[in-house]
Amino acid sequence: MSDKSTAERPQAADFEARHAASQQALVALGEQVASAPNWQEKYRALMLGGKALTPLPDQWQQDDARVRGCESAAWLYHHSSAQAGELRHYFIAASDARIVNGLIALLLGQLCGQTADYIAAFDIEAYFKAIGLDGQLSPSRTNGLYALAQAIKTFASQGAN
């Protein structure tokens, strides 16, 4: 990783503020997608739900934070902090594609603020099946989503920042 100034990367306070501001909306998005009666309504919920993510400032759109394997540009940052004796993992992520932001929001709603064990055990295929998205995404979107989930798991498995 290159030596970036602190203005070019999110700081601990950024992770905390974003998590506090959006976590309820991100969790609710999963419930909205699950309860949507058809693909069109699920797609609409994803497009609107992606707006729950605070936009990523241009200076944070660094090449070393890009998630490889995503067709659209997507960036992922990680921060961990000890809370009540457990290391919790927080993520800031965004994409240049609205639908991908919705998919990112779903993942962050499930994984942000969790322990490494929880994140390692998270089964993205089972989750997307449970909310009715299995088979609905193009192969390239599915591959990108799995790449993002794997990057989150890798960060969490590496422990502290």
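Okay, let's start with a term: a salt bridge here is a side-chain nitrogen of Lys or Arg within 4 Å of a carboxyl oxygen of Asp or Glu. Here's one to look at right away: arginine 88 pairs with glutamate 86 in a salt bridge, and their closest N and O atoms are 2.8 Å apart. In general, side chains of opposite charge can pair when their charged atoms come close.

Before going on, a word on what you're looking at. This is a predicted model, so local features need pLDDT of at least 70, side-chain atom pairs count only at pLDDT 80 or more, and totals for chains, interfaces and linings use all residues. Residues are numbered from 1 along each chain as its sequence is written, and side-chain values use heavy atoms, with hydrogens and water left out.

Now the overall layout. The protein chain has six helices and two strands. Those words have rules behind them: helices (H or I, at least four residues) and strands (E, at least two) are DSSP runs, numbered from the N terminus. Walk along the sequence and you get α-α-β-β-α-α-α-α.

How does the chain fill space? Its C-alpha trace spans about 45 × 35 × 25 Å along the principal axes. The radius of gyration is taken over C-alpha atoms, and the globule rule is 2.2 Å times the number of residues to the power 0.38. For 161 residues, a compact globule would come out near 15 Å, and the protein chain has 15 Å, so the two agree.

Next, contacts, which means heavy atoms within 4.5 Å. Taking contacts with a separation of 6 or more, 63% of them join residues 24 or more positions apart.

And the surface: the protein chain exposes about 8200 Å², with carbon and sulfur atoms supplying 49% of that. Accessible areas like this come from the Shrake-Rupley method with a 1.4 Å probe, and for residues, only the protein chains shown count as cover.

For single residues, I'll use three words: buried is under 20% relative accessible area, exposed is over 50%, and partly exposed is in between (1.4 Å probe, protein chains only). Of the 161 residues in the protein chain, 47% are buried.

Let's zoom in on the two strands. How many bridges link strand 1 and strand 2? Ten, and the strands pair in the antiparallel sense; for pairing, DSSP has to find at least two bridges between two strands. Strand 2 is residues 86-95, and in strand 2 you'll find alanine 93, the bridge partner of leucine 76. Strand 1 covers residues 74-83, and eight of its ten residues are buried, so the rest of the structure largely encloses it.

The two strands make a hairpin, with two residues between them. Look at alanine 84 in that turn: its phi is near 50°, a positive value in a residue other than glycine. Is alanine 84 buried or exposed? It's exposed, with a relative accessible area of 85%. As for glutamate 86, from our opening pair, that one is partly exposed at 38%.

Back to salt bridges, then. The count comes to three. One of them joins arginine 9 and aspartate 64, with the closest N and O atoms 3.4 Å apart. Why is this pair worth a pause? Arginine 9 lies in the segment before helix 1 (12-35), and aspartate 64 in the loop between helix 2 (39-49) and strand 1, so the pair ties together parts that are 55 residues apart in sequence. Arginine 9 is buried, with a relative accessible area of 17%, whereas aspartate 64 is partly exposed at 27%. There's also aspartate 63 with arginine 68, at 3.3 Å between the closest N and O atoms, and both of those residues are exposed.

Now meet valine 67, in the loop between helix 2 and strand 1. Valine 67 is buried, with a relative accessible area of 6%. Which residues does valine 67 touch, not counting residues up to four places away in sequence? They are Ala74, Trp75, Leu76, Ala147 and Leu148. Valine 67 and alanine 149 are 82 residues apart in sequence, with 9.8 Å between their C-alpha atoms.

One last stop: tyrosine 43, in helix 2, is partly exposed, with a relative accessible area of 36%.
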